[in-house]
Structures are given as C-alpha cells and as structure tokens.
Amino acid sequence: MDQKLVSSWFHLHSSVPLSYVQPPESRPGMVFSPGKKIPVVDLRVIEHGVSKELMDNTLSIFKEFHGMPVEEKIRESSRDPNGSCRLYSSREINNKDSIQFWRDTLRHSCPSSEDYMQFLPQKPAKYREVVAKYTQEMKRVGVTILELLCEGLGLDPKYCCGGLSDSPLLLAHHYPPCPEPGLTLGAPKHRDPNLVTILLQEKDINALQVFKDGEWLVVEPIPYAFVVNIGLMLQVISNGRLIGAEHRVVTNSEFARTTVAYFIRPTSEQIIEPAKSLISCGAEPMYRSITYEEFLKNFMINGADIEQELLLEPKQKAAAL
Ligand SMILES: O=C(O)CCC(=O)C(=O)O
Ligand SMILES: [Fe+2]
C-alpha cells in the first residue's frame, strides 16, 4: 500500500508518471494564473463562530499526520477492523488502468461517541482531542447551514435534520507538490456525493476551482472562511432548485496543500427523494427515490455521470405524481 500513497514517492519524480496524466481535454493547463474569481457571497461562509485557533490547530494536525513516515500513517489509520477509518490514494478506489489523482486522503466517520475514538489515529498526540472539538463545531455549523437552506427552499427548517444528515464523514486530503501541475489533477470535476460539504483550506494556495458558465473559476481562499459546497443529495431533495457545485482540484509545483472536508451525509438506509411539499406545489419530480447506500454504490461505478442515473424518465415522472 505504501507505494500507492502519492506522498511516499512524489519526490522521486521530475515528471508526472503516465498513469497520472489527464487527457488533453481535462488538463488544467496553465494553473499559475489566478484566472477569474468567484464572488464571496456565493460559496464562502465567514461568520461561523468557529475559533481561529481551532481552525489553525485542525489544519496543523492533518498536515502533521500526512507528514509522518508512511508506516506510521498506515498504522495510525488502520485501527478499525471495519475500515471506517482509512488512508488511501486514488489507486485504491479506482480501476488500476484509469487515470490517477495527485492526492492522498485520510477519511473516517465523525466521533459522536467515546467508543469510536479508539479507531482514530493517536498520533499526532493531540489528534483525537482536536478532531473531536472540530467535528463538534462542524456539526453545529452544519445544522445552521442546513436550516437556512431548507428555510430558503420553503421547507421546514428541520427537514434535513435526523437521518438525512446523521452520518457525517471527515476527509483530510493531502496534495503533495507536483512536478508538472498542468498535466494532472488533485481531484477530477465532480459534484459531492452528500448534502453539503464544509471545506477548510489553507490560506495562500489557489487550488480549488468551480465550473461556472462553461469556465473554471478559482475559489481563492479567504483566511478563516469555510467553502460550502451544495452536494448532489440536496440537489435531489430540492428537486433541482439547488444545484450541486461542480468543482475540481489542481496541483502546484511548490507547496503541499492540506484540506479538511466535512461531508454532511445521510445514513445508508435513508431514502433520498425530492421533498414532497416541493412537488405538491405543482412541480414535477425530477429525480427518483433512492437509498443513500444504493446511491453510493452507483456513484462508485458511474462517478460524474451519476446525475443521469438519478433523473426520472418522462414516463416515470407521471407515475410518481
Ligand atoms: O481539497 C479540496 O479543495 C476539495 C476536496 C473535495 O472536492 C472533496 O472532498 O470532495
Ligand atoms: Fe468535492
């Protein structure tokens, strides 16, 4: 596994290995120019009440984690026999013949109970303490964001509380410096497979891009602001009134970049479907009902094309009314 982690071999290469080279149409090309920027109001949350100290400590802990020797990282992320905590690169999840991404990811569920803590890394020393505090804060901010979004849709503000948002996930991504950033990607164009993502990113590195009106815009980090992405599940629940943000991650040749994504997700048995009250107002359902478990299975197979899978055919639309 260690050879698969990008962080364990990137320094040995002066060019990008072939399996990491994107086809010309997906390459980021010149990633040095800042390009167009997105407006602050759309996507970035500034007055969230999470302390700067906690945000700094959280990023530091994950930077430290990804900077540890590879054997240690693997040991610290392999405590859960069910694999809910794990460290991987795209080579573990993609077909070995597909194009890989310049990134390692540590992912685990969020510790809502003391019992789960035993599965989390014990190193760096403050990992459990900092991550427990951070995920607690993310839960609070997440509830506020969901309540505001539901209210805006005309739904009960608590519509997404409970099963729809009860299984959050933490993803700590690490993008090592890349010798040829124009040829590869840290993450491909995608919409997030969740309701909402709350993303913490480093201050001075432009790497996240959002696809808007046919072009890629840079999501320039604002110090101590979170980036909030609408995910596919909220697109379904809102019956297409909210559209998941399409985004990707580019790399750079100078700096490693670490980000922390908090995914607000349903429990696996939860049924995801357009909210009934939005359909009874005369709108037609655009999407079929699906359990989150089935959605995730399809997402692994279909990736970015999953949206087509979720859409109802015209005939099924009439039957669902
Ligand atoms: O690391 C980033 O900037 C974005 C990560 C992301 O898109 C994701 O976790 O879905
Ligand atoms: Fe994403």
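**Close-up 1. The burial of His247 in the predicted model.** In this predicted model, His247 has a relative accessibility of 6%, and because buried means under 20% relative accessible area, His247 counts as buried. His247 is also one of the protein donors of the iron ion (ligand 2), to which it offers its NE2 atom.

**Close-up 2. The protein donors of the iron ion (ligand 2).** The iron ion (ligand 2) has His190 (NE2), Asp192 (OD) and His247 (NE2) as its protein donors, and these lie 2.1 Å from it. Along the sequence, the donor residues follow the spacing H-x1-D-x54-H. Distant parts of the chain are linked in this way, since His190 belongs to strand β5 (residues 187-190) and His247 to strand β10 (residues 247-249), with the two histidines 57 residues apart.

**Close-up 3. The shell around ligand 1.** Ligand 1, which sits in the largest pocket, is surrounded by residues that include the iron donors His190, Asp192 and His247, together with others, among them Tyr175, Leu199, Leu208, Val249 and Phe263. Strands β4 (169-175), β10 and β11 (257-264) each contribute at least two residues to this shell, and β11 provides the largest share, with four residues.

**Close-up 4. Polar side-chain atoms beside ligand 1.** A polar side-chain atom of His173 is found 2.7 Å from an oxygen atom of ligand 1, while for Arg257 the corresponding distance to an oxygen atom of ligand 1 is 2.9 Å. His190, which is also a donor of the iron ion (ligand 2), places a polar side-chain atom 3.2 Å from an oxygen atom of ligand 1. Taken alone, ligand 1 would expose 300 Å², of which the protein buries 95%.

How values were computed: Residues numbered from 1 in each chain as written. Chains lettered and ligands numbered in written order. Predicted model: local features only at pLDDT ≥ 70, side-chain atom pairs only at ≥ 80, totals over all residues. Heavy atoms only, no water. Donors = N, O, S within 2.8 Å, 3.2 Å for Na, K, Ca; no water. Buried < 20%, exposed > 50% of the residue type's maximum accessible area, 1.4 Å probe, protein only. Near = heavy atom within 4 Å. Polar contact = N/O pair within 3.5 Å; in protein donor to acceptor, adjacent residues only side chain to side chain. Areas by Shrake-Rupley, 256 points an atom, 1.4 Å probe, with all protein chains shown as cover. 1 Å grid on protein atoms, 1.4 Å probe; cavity = no way out; pocket = protein on both sides within 12 Å on 5 of 7 lines; lining within 4 Å. Sits in = over half its atoms within 2 Å of the grid points.
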